[in-house]
Amino acid sequence: MSTLDSPFETIRVLPEDRYDRQRLIPWWEQERLAAACVLVIGAGALGNEILKLLALSGVGHVMIFDMDRIEVSNLSRTVLFKETDAGALKAEVAAERVSELSPQTIAVGRAQNIMHELGLGAFLWADVVICGLDNREARMFVNTSCARTKRTWIDGAIEGLSGIIRVFDPARTACYECTMNETDRKLVRDRLSCAMLARDAIQQGHVPTTSVAASFIAALEVQEAIKYLHGQPTLDGEGIHVNGMWNDFTRVQYKRRDDCVAHDSFEQVLPLQRGVNDVTLAELLDLAETRLGKGATLELSRDVATRLTCPVCEKSERAGIVLGALREAAARCSVCGTHRVVDFTGIVVRDGDIDLSLTPAEIGIPPFDIIVARQGIDQQEAWLFDSDADRCLGPLASSFVMDQPSILAQKEA
C-alpha cells in the first residue's frame, strides 16, 4: 500500500537548525544577526560573557580588542579561557573560542590599546559597540569615537554582586561624559602628569567581583545590542543599576548636557583609498586646500607628540607617537635624566611644528583612522584611510563597505 493510500495522515517533521527557538520570537531576524558587525572592547569577565552570548546568538562578525594577557586569577570569571591559556593574549584566545562556539561567526582579536592604536574606522565598521571596560579614560575615548562616527555603544561595569548597564548614542542622547561628575574627572586627571603623559607609578586596583555578576550584566548588554540591531526599543540614554545583594533594579534616565563637548559628530565620512603609510601630510594638506580653499588645515583624531627637547642638554628628537602612548618615564632625557619638554599638536598646518614630508603613520596616526580637513568653523570633511581596512579588520574586511566614491580618485579623474 502506498503512502497516499494510508488511512493515517503523514506528517513531515522538518529538521531544526541551531537558531530555531530564537526564530520563534515574532520580530527576530536571524539573517540580520548573521550580517551584523559588533565591536567588543574588553575580553575580561564581562567580555567573555558578552562574546559567549554573541556567538550563541549567531552574530556573524565580531572584532575584539583587549591588550592584556590571561592570568590564573581570571579563570573563575572567564568562560572562554582555560588554565593552559595562562600568559596568552586575551583577545586572540577569545576570538578562537568564539569561532569554536559558532563556526558561522568570523571573530578577530587584537591585543592593542584602543586609545593609541585603534583607528576610528573600526567604529565606522561596527553596527554597535559593546564594552567591558575597567577605566574612565577608555570609556571617554569610546564615547567620543562613537559620537564622531554616529554609533551606539553599550557600557557595562561590575563590582561585588552588583553592576550597571548603560546605552549611549552620543550624537543624539546623553553620553558617558554627561554622566561624569567632578570626582570622576579628578580621577582621570590624577592618572596623567602635568604634561598629559601617562604615569607609570599609578597602579590599577583590582575590583572585587564574581562570575555571576559578570553573567547578568553581560546578558543585559547583549540583549540591548540584539534589540538595537532589530530596531526594537532600548535603554537609549538610560541605565539600569543592579544591586545583587538585595535584587534591586533601578532604571535611570541621564540628562543630555548642552555644554558637553563629547557630542560632536562627522556629518559624512569619505574614503581616501589610501592608508596612513601611503600619502604624505603635504599631499593631504594640498588636497584639503583644493577642496576647501587656501588656508585649510588637517585635524587629527587624537593629539600626537611631535618633538622632545631637553631643557638642560638642549638635545631634541622627533617623537611621532600618540600623546597618550608616551609614558612619563620615556619623556626623560637619556643623557641627563631631566624631564624633557613635550611638543604636541592635534592640528596640521603649513609652516607648523610637523614636518609635512612625513606620512600620518610617521607621526603616530594608527591605521584605518579618520582625519578631518577643515576650513574655519563651518566647512569640514572627514576622510577615512580605508586602504588600511585589511590591516585592521583582517578576515572581517569583506564586511566593510563604503558607498561614497574616493576623493583622491575623484581628484585623479
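Met-245 is found in the loop between β7 (238-243) and β8 (248-253). This report covers a predicted model. It starts at that loop, moves through the sheet, and ends with the charged pairs and two further loop residues.

**The β7-β8 hairpin**

Met-245 is exposed, at 54% relative accessible area. The cut-off for that label is over 50%. Met-245 does not stand alone: together with Leu-161 and Trp-246 it makes up a nonpolar surface patch. The accessible area of the three residues together is about 380 Å².

The strands on either side of this loop form a hairpin, with four residues between them. Asn-247 sits in the turn and has a positive phi of about 55°. β7 and β8 run antiparallel and are joined by six bridges. Within β8, Thr-250 stands opposite His-241.

How many of the six residues of β8 are buried? The number is zero, so β8 lies largely in the open.

**The eight-stranded sheet**

β7 and β8 belong to an open sheet of eight strands. The order is β3-β2-β1-β4-β5-β6-β7-β8, and the pairing is mixed. β3 (106-110) and β8 are the edge strands, each pairing on one side only. On average, neighbouring strands of this sheet are turned by 15° against each other, direction ignored.

Next, a parallel pair. Strand β1 (residues 37-41) and strand β4 (residues 128-131) run parallel, with four bridges joining them. Here Ile-41 stands opposite Cys-131 in β4.

Helices also pack on the sheet. Helix α4 (residues 90-101) touches β2 (61-65) and β3. The direction of α4 makes about 170° with that of β3. Helix α7 touches β1, β4 and β5. The direction of α7 makes about 165° with that of β5.

**Salt bridges**

Side chains of opposite charge can pair when their charged atoms come close. In this model the count comes to 20 salt bridges. The table gives three of them, with the distance between N and O atoms.

| Pair | N to O distance | Citation |
|---|---|---|
| Asp-17 and Arg-23 | 2.7 Å | salt bridge |
| Arg-139 and Asp-155 | 2.8 Å | salt bridge |
| Arg-374 and Glu-299 | 3.0 Å | salt bridge |

Take the pair of Arg-139 and Asp-155, a salt bridge of 2.8 Å from N to O. This pair links distant parts of the chain, 16 residues apart. Arg-139 is in helix α7 (residues 136-149), while Asp-155 is in strand β5 (residues 153-159). Are these two residues buried or exposed? Arg-139 is buried, with a relative accessible area of 7%. Asp-155 is also buried, at 0% relative accessibility. The cut-off for buried is under 20%.

The side chains of Arg-374 and Glu-299 meet in another salt bridge. Arg-374 lies in strand β13 (residues 370-375) and Glu-299 in strand β10 (residues 297-309), so this pair ties together parts that are 75 residues apart in sequence. Arg-374 is partly exposed, at 21% relative accessibility. Glu-299 is partly exposed too, at 25%.

A network can also be traced: salt bridges that share partners join Asp-17, Arg-23 and Glu-31. Within this network, the closest N and O atoms of Asp-17 and Arg-23 are 2.7 Å apart. Asp-17 is partly exposed, with a relative accessible area of 34%. Arg-23 is partly exposed as well, at 36%.

**Two loop residues**

Thr-234 lies in the loop between α9 (211-229) and β7. Why does Thr-234 count as buried? Its relative accessibility is 17%, and buried means under 20%. Leaving out residues up to four places away in sequence, Thr-234 touches Val-167, Glu-224, Lys-227, Tyr-228 and Arg-251.

Leu-323 lies in the loop between β11 (316-322) and β12 (341-348). Leu-323 is buried, with a relative accessible area of 7%. How far apart in space are Leu-323 and Thr-345? The distance is 8.8 Å, C-alpha to C-alpha, and the two residues are 22 residues apart in sequence.

Terms used: Residues numbered from 1 in each chain as written. Predicted model: local features only at pLDDT ≥ 70, side-chain atom pairs only at ≥ 80, totals over all residues. Heavy atoms only, no water. Patch = residues over 30% accessible without salt bridge, like charges linked within 9 Å, V, L, I, M, F, W, Y side chains within 5 Å. Areas by Shrake-Rupley, 256 points an atom, 1.4 Å probe, with all protein chains shown as cover. Salt bridge = Lys/Arg side-chain N within 4 Å of Asp/Glu carboxyl O. Buried < 20%, exposed > 50% of the residue type's maximum accessible area, 1.4 Å probe, protein only. Contact = heavy atoms within 4.5 Å. Pairing = 2+ DSSP bridges. Axes fitted to C-alpha atoms, helices over the stretch in contact; angles between N-to-C directions.
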